[in-house]
Amino acid sequence: MAEENSNGKNGNRVGLLERVKAGVKEDVQSLKTDMPAKAKEQIEGLKDPTKTQVYTSIFRHKHDDTPRNRALGVLSNVFLHLHPAKINRDAVRYSYTWGMGGITFYLFIVLTFTGVLLMFYYHPSKVQAFRDVLYLEHDVPFGKLLRNMHRWAAHLMVIAVWLHMFRVFLTGSYKKPREFNWNIGVLLLVFTLLLSFTGYLLPDDQLGFWAVTVGTNMARATPMLGHEGPFGKAFHMTPYNDVRFGLLGGSIVDANALLRSYIWHCIGIPIVASVLMIVHFWRVRKDGGISGPAPVMLTEEADKPRRAV
Amino acid sequence: MDWHQLWEIASAPDNVPIVGMIPLLFFYIYLAWKQAKANDELIGELETNPAMAKTHHRKTWPFRPGWQKEVHVWPFLLRIEFLAAIIVTIVLMIWSITLYAPLEEPANPNLTMNPAKAPWYFLGLQEMLVYFDPWIAGVVMPTLIIIGLMVIPYIDTNPLGSGYYTWKQRKFAIGTFMFGFIVLWVAMIIIGTFIRGPGWQWFWPGQTWDHNRLIYEVNRDLPDLFGITSNLAKGIFGAIVVGGYFAAGGFLVHAFFRRYNPKDYKRMSLLQYSIMQFFLLTMVALPIKMALRLALHIKYVWITPWFNV
Ligand code: HEM
């Protein structure tokens with residue numbers, strides 16, 4: 001058609017108009033027929049959301065209840081794949097691990113969550129800090145609950161970590177090949193206590209102030225590095241250059257100590273502890289999963305290689 | 001009997017976790033003991049019946065041929081973890097709604113708290129301040145605790161009892177750990193919380209805290225008892241006593257250990273054996289020093305110009 005009309009101006013114009021008309025007609029027609037068809041298809045598609053592109057891009061496998069999918073559900077998830085796909089049938093028994101490692105970790109997550117919320121209301125400076133806590137207690141919606149939860153979760157975490165260590169000891173789970181992971185655990189224990197201790201000062205009240213004073217006064221007596229410790233004088237230690245000064249950023253528990261406490265509590269130690277936890281969990285897997293409940297060994301088998309059960 | 005005083009201590013918000021920890025600890029010791037007993041019975045049975053030992057699945061949990069040895073993490077483990085998280089959250093919520101976190105007056109360096117207590121999880125170390133100088137109680141002991149925990153997997157050469165609860169196969173290891181954890185750590189915390197009052201004086205539970213009570217205790221040093229006066233002689237005398245303790249105690253431990261733990265003794269290298277001896281004797285020294293102090297009012301055993309023990 002375009003060839004035919006290209007000779008005359010008039011014909012050209014008519015052709016264009018017709019073409020536009022025809023085109024519009026076609027468009028309208030397509031709206032009428034295609035759109036309902038597409039809509040139908042869309043609605044059909046929604047009946048099974050697991051087939052949508054968005055869904056399949058998020059979940060990498062189907063969720064039918066097959067052994068394969070159960071395993072994939074764990075393995076293809078970055079958080080869950082800390083677990084193996086399958087474990088010893090008795091390892092899920094509460095009476096063996098008491099769930100204490102997991103509870104410790106869960107409390108750490110609760111503490112991170114409530115701790116970040118508390119940080120929104122807290123300034124680590126003298127006078128202001130105490131006022132912020134009062135403000136939290138009396139004016140912030142759920143502020144009191146938030147503060148209580150953070151404090152009690154911290155106490156619970158200390159208890160849980162002790163019980164976890166106790167169970168690991170009683171089940172002999174530090175024995176070959178888990179010696180190294182026990183050591184990571186000891187470091188985690190230390191950092192858990194230090195986390196709790198650095199947080200104690202932050203409300204800047206009498207309780208925290210005197211607890212931290214008592215605690216850090218001991219650092220004065222560090223051999224060689226404290227000004228009251230054995231050989232401290234010989235190393236030219238004074239209240240203004242010893243380890244205690246370094247910990248507190250001053251010779252008394254004051255504004256600098258508050259700031260240092262805050263930074264250790266909210267940034268330094270949590271990062272170190274998180275890294276150690278990652279290593280800890282990684283090693284639990286690499287060392288062959290949790291240690292038991294394992295088949296019992298008889299005394300005469302002690303020095304023989306373990307028989308495969 | 002001052003019930004009010006007792007209640008005041010037990011219900012101080014920061015002491016509630018300790019009050020809660022005690023029954024929890026009993027419960028878990030019971031749970032561990034129950035499983036240890038069952039396992040020990042099974043071990044005994046299998047040791048007298050070699051035919052059974054060959055075929056038995058060697059756990060106290062039921063198992064039948066044809067049962068799967070492993071279960072899927074999803075759902076069998078994850079549902080437990082999920083449930084545990086929910087239970088912990090509920091407990092924490094209820095606790096946080098019913099009990100308020102403490103907040104004292106703003107920090108005031110001029111107004112000493114009496115008693116000024118460290119956070120409860122460090123009260124064991126604070127209690128040690130009564131019996132030892134701060135450089136020992138505050139610096140050396142925490143260091144030794146951490147190192148001591150860390151060396152456990154490397155000095156415990158007993159391959160038995162890995163991955164199951166047992167008492168019979170690990171009497172020495174479990175006994176030592178229980179002594180350290182329950183007697184030297186938890187019991188000291190309980191003393192620090194419930195018994196130490198103003199001036200860090202000893203008040204029996206139910207005894208009223210008397211802020212004006214003075215105790216005239218004449219503390220002596222061990223060399224004084226023997227009429228030793230010159231500093232040099234005191235130093236030498238103390239070194240002999242402390243050295244003698246380690247030598248005689250070490251010999252005693254040796255005599256018992258090689259008789260009652262012949263297999264462990266044979267397996268251990270010289271280094272492992274010496275480290276074990278050192279930590280064991282240091283641990284046992286604590287109650288000895290406590291007894292010397294509480295019963296005989298002896299402050300120092302070893303006096304030198306640089307440090308006193
Ligand atoms: C922040 C502190 C800690 C966290 C979050 C943590 C977490 C965990 C978790 C989730 C497990 C898996 C088994 C279970 O739940 O019992 C585990 C195992 C283990 N933990 Fe910890 N743990 C911590 C501290 C410690 C401490 C203080 C020790 C020892 C001193 C320790 C030593 C071990 C060992 C040896 C295993 C392997 C146990 C086995 O195979 O049965 N952990 N930990």
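Where in chain A is Pro293(A) found? Pro293(A) sits in the segment after α12 of chain A. Keep in mind throughout that this is a predicted model.

**Backbone oddities**

Let's stay with Pro293(A) for a moment. The peptide bond that links Gly292(A) to Pro293(A) is cis, with omega at about 0 degrees. Chain B has a cis bond too: Trp74(B) and Pro75(B) are joined that way, and omega there is about 10 degrees. Pro75(B) belongs to helix α4 of chain B.

Then there are the phi angles. Trp98(A) isn't a glycine, yet its phi is positive, at about 60 degrees. You'll find Trp98(A) in the loop between α5 (94-97) and α6 of chain A. Over in chain B, Arg58(B) also has a positive phi, near 65 degrees, and is likewise a residue other than glycine. Arg58(B) is placed in the loop between α3 (50-55) and β1 of chain B. Why do these spots get a mention? Because most residues other than glycine have a negative phi, and most peptide bonds are trans.

Both of those loop residues are tucked away. Trp98(A) counts as buried because its relative accessibility is 0%, and Arg58(B) counts as buried because its value is 3%. Here they are beside some other buried residues that come up below:

| Residue | Relative accessible area |
|---|---|
| Trp98(A) | 0% |
| Arg58(B) | 3% |
| Thr114(A) | 4% |
| Tyr200(A) | 8% |
| His72(B) | 10% |

**Around the ligand**

Now for the ligand. There are 26 residues around it, and His164(A), Arg167(A), Gly185(A), His280(A) and Ser291(A) come nearest. Two of these make side-chain approaches you can look up in the structure. For His280(A), a polar side-chain atom is 2.7 Å from a nitrogen atom of the ligand. For Ser291(A), a polar side-chain atom is 2.8 Å from an oxygen atom of the ligand. The backbone joins in as well: a polar backbone atom of Gly102(A) is 3.5 Å from a ligand oxygen atom. As for secondary structure, the elements of chain A that give two or more residues to this shell are α6 (100-119), α8, α9 (179-200) and α12 (255-286). By residue type, the shell splits into 13 nonpolar, eleven polar and two charged.

Helix α6 of chain A also holds Thr114(A). Thr114(A) is buried, since its relative accessible area is 4%. Apart from neighbours within four places in sequence, Thr114(A) is in contact with Leu146(A), Met149(A) and His150(A).

**Tyr200(A) and the cavity**

Which helix of chain A holds Tyr200(A)? Tyr200(A) is in α9. What makes Tyr200(A) count as buried? The relative accessible area of Tyr200(A) is 8%, and the cut-off for buried is under 20%.

Setting aside neighbours within four places in sequence, Tyr200(A) has contacts in both chains: Arg151(A), Leu207(A), Gly208(A) and Ala211(A), plus Asp14(B), Pro119(B) and Tyr121(B). With Asp14(B) there is a polar contact between the side chains, at 2.9 Å. By contrast, Asp64(A) is a long way off: C-alpha to C-alpha, Tyr200(A) and Asp64(A) are 49 Å apart, with their positions 136 residues apart in sequence.

Tyr200(A) also helps line a cavity. The structure holds one cavity of 30 Å³ or more, and the largest cavity has a volume of about 40 Å³. Its lining is made up of Arg147(A), Arg151(A), Tyr200(A), Pro203(A), Asp205(A), Leu207(A), Gly208(A) and Pro102(B). In chain A, α8 (143-170) and α10 (206-220) are the elements that give two or more residues to that lining. Sorted by type, the lining has four nonpolar, one polar and three charged residues.

**Where α4(A) meets chain B**

Back towards the start of chain A, helix α4 (residues 67-75) has Asn69(A), Ala71(A), Gly73(A) and Val74(A) buried. The cover over the buried residues of α4(A) includes β1, α4 (73-76) and α5 (78-98) of chain B.

His72(B) shows this from the other side. His72(B) is part of strand β1 (residues 70-72) of chain B, and is buried, with a relative accessible area of 10%. Not counting residues up to four places away in sequence, His72(B) touches Pro67(A), Arg70(A), Ala71(A), Ala85(A), Lys86(A) and Leu77(B).

Note on methods
Residues numbered from 1 in each chain as written. Chains lettered and ligands numbered in written order. Predicted model: local features only at pLDDT ≥ 70, side-chain atom pairs only at ≥ 80, totals over all residues. Heavy atoms only, no water. Helix = DSSP H or I, 4+ residues; strand = E, 2+ residues; numbered from the N terminus. Buried < 20%, exposed > 50% of the residue type's maximum accessible area, 1.4 Å probe, protein only. Contact = heavy atoms within 4.5 Å. 1 Å grid on protein atoms, 1.4 Å probe; cavity = no way out; pocket = protein on both sides within 12 Å on 5 of 7 lines; lining within 4 Å. Points joined across faces, edges and corners; volume = space filled by probe spheres on them. Nonpolar A, V, L, I, M, F, W, Y, C, P; charged D, E, K, R; others polar. Near = heavy atom within 4 Å. Polar contact = N/O pair within 3.5 Å; in protein donor to acceptor, adjacent residues only side chain to side chain.
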